[in-house]
Amino acid sequence: MKTLRLYYDNAYLTEFSGIVVHAEGNRVALNQSAFYPTSGGQPNDLGTLTFEDTAINVTDVTVEDDIVWHHLDRPIPEGAQVLGQIQWDRRFDHMQQHAGDHMIAGAVWQLFGGVTIGLHTGQEESTIDITMPEGKTHLTDEETAQVEKLVNERIQHNDPIRCWFPDDKELSSLPIRKKPTVNEHIRIVAMGDYEMVACGGTHPSTTGQIGPVKILSTAPSRGNMRLTFLAGMRAAEHYQACHRCVREIGTLLSADVHTAPATLEKLIQANAAQVKDVQSRLSEATLHMIRMSKHIRDGKFIYACHLPFADAAAMQQAAKELIAEENTLLLLSCRRDGGRMLLFARSRDVDVDMAALLRKTGARGGGKPDFAQGSTTEETVLDAALSLL
Ligand SMILES: [Zn+2]
């Protein structure tokens, strides 16, 4: 027995009575129901069926062959009379997202010729998959603003939203946006004079109840465009969170919402210049400290030096500069990860295998004969290397 779906005529019905006509384990079908089953991208309702003064939770609602199944956390026998109650805040939120879907889909079609191929109302964000002309997979910021403006103007206008089942003659004369996916019992939803499409979902009775609509992004998805958006209280709460964030950033920067981006950009540039300056001074100081350690053995210039303030990059840069000079040997270390990083290098005219020398000291690491790097926890490793030379 097909379920009489009470939400078709009245999406605002939250309480109804029904009789259990099928019971299979923990799921029941009623003669009539206001519970919306997951379908058409809109999630199911939740609520309770009260039987003999006990409210039993409806944990899921599905539809099979026009029968709406209520999945329960305990069974109810066939023939039972029940009182159904729907969680209204969840349903109304879904109505806002779903009707927002229609408004955006209609606007993208009218403005850019994009054809909607899929809808999904998520528990946080909702998405619409759209095939755009010429394989476009996103909207520019200006195009997004254009869609938002048109949709929010139409919402503000508070136009009526009407749902009905036309006969075949009327159906053939209706200017519907998209060919219906079913052949019989086609339900039409019309919003103002700009959106008309076949739909079995739940909608508010006027566009004003959708509340604000905000598009979050458009991005490629399997060759189409996926548009992500929020409607109603979700959009209002998102605005609250964004405003709080911008206000906190503004306080940190001593700027307001309009000047914060430029202020932040200046701060990032000033910071980058400072970092560059510090790196340059560090390189100079590192080179200077290494040169101070110079001594001569057998006509070769040996630099053996621990650099407690330098980082790996400064040490490597200084090493490259020094081994460009003749007859040069470098035994360097700096702090890293609670131990020491080692850099043993030489100029081309010196015949010593620096990688082999590094390993002979017992340190970990290796590299080329003229440029080797490693690590150790031993503080005496440079003295060890000097005596091995
Ligand atoms: Zn709909």
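**A short walk through the model**

Hello everyone, let me start with one residue: Asn327 counts as partly exposed, because its relative accessibility is 27%. For that scale, buried means under 20% relative accessible area, exposed means over 50%, and partly exposed lies in between, using a 1.4 Å probe and protein chains only.

Before going on, a word on what you are looking at. This is a predicted model, where local features need pLDDT of at least 70 and side-chain atom pairs count only at pLDDT 80 or more, while totals for chains, interfaces and linings use all residues. Residues are numbered from 1 along each chain as its sequence is written, and side-chain values use heavy atoms, with hydrogens and water left out.

Back to Asn327, which sits in the loop between helix 6 (312-322) and strand 18 (328-336). Helices (H or I, at least four residues) and strands (E, at least two) are DSSP runs, numbered from the N terminus. Asn327 is not a glycine, yet its phi is positive, at about 50 degrees. As background, most residues other than glycine have a negative phi. Strand 18 is followed by another such case: Asp337, in the loop between strand 18 and strand 19 (339-346), has a positive phi near 50 degrees and is not glycine either. Is Asp337 buried or exposed? Asp337 is exposed, because its relative accessible area is 78%.

Now to the metal. Which residues hold the zinc ion? His98, His102 and His203 coordinate through NE2, and Cys199 through SG, at 2.0 to 2.1 Å. Donors here are N, O and S atoms within 2.8 Å of the metal (3.2 Å for Na, K and Ca); water is not among the atoms, so sites may look incomplete. Along the chain, the donors of the zinc ion are spaced as H-x3-H-x96-C-x3-H. The angles among the four donor atoms run from 102 to 120 degrees, and the site is tetrahedral; four donors earn that word if all angles lie between 85 and 135 degrees. The ideal tetrahedral angle for four donors is 109.5 degrees. Two of these ligands are buried: Cys199, because its relative accessibility is 13%, and His203, because its value is 4%.

Next, the helices. Helix 1 (residues 88-112) and helix 2 (residues 141-156) have axes that come within 9 Å and cross at roughly 125 degrees. Axes are lines fitted to C-alpha atoms, for helices over the stretch in contact, with angles from 0 to 180 degrees between N-to-C directions. That makes the pair oblique, given that angles under 35 degrees count as roughly parallel, over 145 as roughly antiparallel, 65 to 115 as roughly perpendicular and the rest as oblique. Among the residues making the contact are Met103 and Leu111 of helix 1, and Val147 and Leu150 of helix 2; contact means heavy atoms within 4.5 Å.

Helix 5 (residues 260-292) has a partner too. The axes of helix 5 and helix 6 come within 9 Å and cross at roughly 55 degrees, and the two are therefore oblique to each other. Their contact includes Leu282 and Leu287 of helix 5 and Met315 and Leu322 of helix 6.

Leu282 turns up once more, as Asp311 touches Leu282 and Cys334, leaving aside residues up to four places away in sequence. Asp311 is found in the loop between strand 17 (300-307) and helix 6, and is partly exposed, with a relative accessible area of 38%. Thanks for listening!

Note on methods:
Four donors count as tetrahedral if all angles lie between 85 and 135 degrees; four count as square planar and six as octahedral if opposite donors are over 155 degrees apart and all others between 65 and 115; anything else is irregular.
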